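Here's a quick walk through one protein model and its ligand. Have the viewer open and follow along as we go.

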Amino acid sequence: MISMVINIFEPKKQFETYKTQINKIIHSVLNSGNYILGKEVKKLEKKFQNYLKCKKAIGVKNGTDALILSLKAIKIKKGDEVITTAHTAVATIAAIIDVGAVPVIADVEQNFYTLNPKEIEKKISKKTKAIIPVHIYGQCCNMSEIIKIAKKNKIFVIEDCSQSLGSKIGNKKAGTFGDIGTFSFYPTKNLGAIGDGGMIVTNNNNLGKKLYRLREYGWDKNRSTLEPGINSRLDEIQAGILNIKINDLDNANNRRIKISKYYLEKISNKLVKLPQVRKNTRHVFHIFSILVSKRNKFIKYLKKNKINPGIHYPRPACLNRGYKEKCIFSKNDIKKTIFISNNTVSLPIYPELEKKKVMKIVEVINKFRS
Ligand SMILES: *Cc1c(COP(=O)(O)O)cnc(C)c1O
């Protein structure tokens, strides 16, 4: 029987999909006696290189570390400015602050919720060292414009792809436009571990080699160090699980896209603004976000109908306590970001979500009245 409550995420359902294979790989790793940075991690890194068509892939502990290590690799240091969006997980901002740099917040595009290249340009200063575009919800930023700005100003681009593994502009995958791309395997992400995990990719061999060192104290192959690093190793059990799931990633993303098409076609309530997909791109719908002006009332109504939505995110990342003072921004300059955070609601979307439930969600939403 299908349980009646429909939740925003159901990571356990994904475990059930792959249960037999997952149990097998966990036991195989346990019996191997090699638990960290072994053959499963190498295999996953190879798969990432093939999947994204990039030169290096470096398995790390989580998506936040992937950003921190990337910033360290391009020598971002105290006082440097990094331009990014506040319409993101706090992790993006936290990583910049962690290396002592200053997040400079630029506004997003109204239609796609992604960092607006024109707003980036306004924020460039002598201290700007990098841009971190976030491919939010699974949709790519306008990378051709962002790369142009970076080249013109000789600054780095680190793509935060935590929500966008498999998304594309034309035939090129997210993570391969800038100098470095970072990924998270948090359990609810499009490729989710059963625990934490992350990946860094680059087409720059030198940066790649440096990142292999930085994730493990700065060690090279001979365990001698060239520079200080941290411990951000990926473990074999997580890598083994990810090696199983990644084979099915395109199917899983296609299922998300199929659900998104149903929502886009069938939700007809005028009180709901639906998301837009950029032309000539593949949006992998980590999140299906709609805008509703009467949000509290809408969410209460959904919950009454046993649908539990999410909010990504209830406030711009730079307005969180503990982060606010460390970011450069003016509320006047991020009006679109603030508007979205006040109105956004995330509908359930994941590969295992049954058609029946998707239909019920649409039916309930279409009956909402203000
Ligand atoms: C999830 C996420 C991260 C952080 O990843 P963790 O694995 O949780 O550290 C960073 N950026 C974005 C946009 C994310 O969605």
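A polar contact here is a pair of N or O atoms within 3.5 Å. By that cut-off, the pair formed by an N or O atom in the side chain of Lys189 and an oxygen atom of the ligand qualifies, because the two are 3.1 Å apart. Bear in mind that this is a predicted model.

**Around the ligand**

Lys189 has company. The table lists side chains with an N or O atom close enough to a ligand oxygen to count as a polar contact.

| Side chain | Distance to a ligand oxygen atom |
|---|---|
| Thr64 | 2.5 Å |
| Gln163 | 2.9 Å |
| Lys189 | 3.1 Å |

As for cover, the ligand on its own would expose 380 Å², and the protein buries 89% of that. Which residues come nearest? There are 13 residues around the ligand, and the nearest are Gly63, Thr64, Asp160, Ser184 and Lys189.

**His286**

Two names from the table, Gln163 and Lys189, turn up again among the residues that His286 touches. Setting aside residues up to four places away in sequence, His286 also touches Tyr137, Gly138, Thr188, Asn190, Arg256 and Ile349. With Asn190 there is a polar contact between the two side chains, at 3.0 Å. His286 sits in the loop between β12 (281-282) and β13 (288-292). Is this loop residue buried or exposed? His286 counts as buried, because its relative accessibility is 3% and the limit for buried is under 20%.

**Helix α5 and Val272**

Now for some packing. Helix α5 spans residues 90-98, and its buried residues are Thr92, Ile93, Ala94, Ala95, Ile96 and Ile97. What do they pack against? Their partners are helix α4 (63-73) and the strands β3 (81-84), β4 (102-105), β5 (128-132) and β6 (156-160). After α5 comes Gly100, with a positive phi near 90 degrees.

Further along the chain, Val272 belongs to strand β11 (residues 272-273). It is buried too, at 10% relative accessibility. Beyond its neighbours within four places in sequence, Val272 is in contact with Ile267, Ile290, Leu291, Val292, Phe298 and Ile365. The contact with Ile365 spans 93 residues along the chain, and the C-alpha atoms of the pair are 8.5 Å apart.

**On the surface**

Leu30, Tyr35 and Ile36 make up a nonpolar surface patch, with about 280 Å² of accessible area together. Ile36 lies in the loop between α2 (19-32) and α3 (39-52). At a relative accessible area of 42%, Ile36 is partly exposed.

**Backbone oddities**

Most residues other than glycine have a negative phi, and most peptide bonds are trans. That makes a few spots worth a look. Lys75 has a positive phi, near 65 degrees, and is found in the loop between α4 and β3. Asn280 also has a positive phi, near 60 degrees, and its loop runs between β11 and β12. Are these two buried or exposed? Lys75 counts as exposed, at 61% relative accessibility, and so does Asn280, at 63%.

Finally, there is a cis peptide bond between His312 and Tyr313, where omega is about 10 degrees. Tyr313 is in the loop between β14 (307-308) and α12 (335-343).

Note on methods: Residues numbered from 1 in each chain as written. Predicted model: local features only at pLDDT ≥ 70, side-chain atom pairs only at ≥ 80, totals over all residues. Heavy atoms only, no water. Helix = DSSP H or I, 4+ residues; strand = E, 2+ residues; numbered from the N terminus. Buried < 20%, exposed > 50% of the residue type's maximum accessible area, 1.4 Å probe, protein only. Polar contact = N/O pair within 3.5 Å; in protein donor to acceptor, adjacent residues only side chain to side chain. Contact = heavy atoms within 4.5 Å. Patch = residues over 30% accessible without salt bridge, like charges linked within 9 Å, V, L, I, M, F, W, Y side chains within 5 Å. Areas by Shrake-Rupley, 256 points an atom, 1.4 Å probe, with all protein chains shown as cover. Salt bridge = Lys/Arg side-chain N within 4 Å of Asp/Glu carboxyl O. Near = heavy atom within 4 Å.
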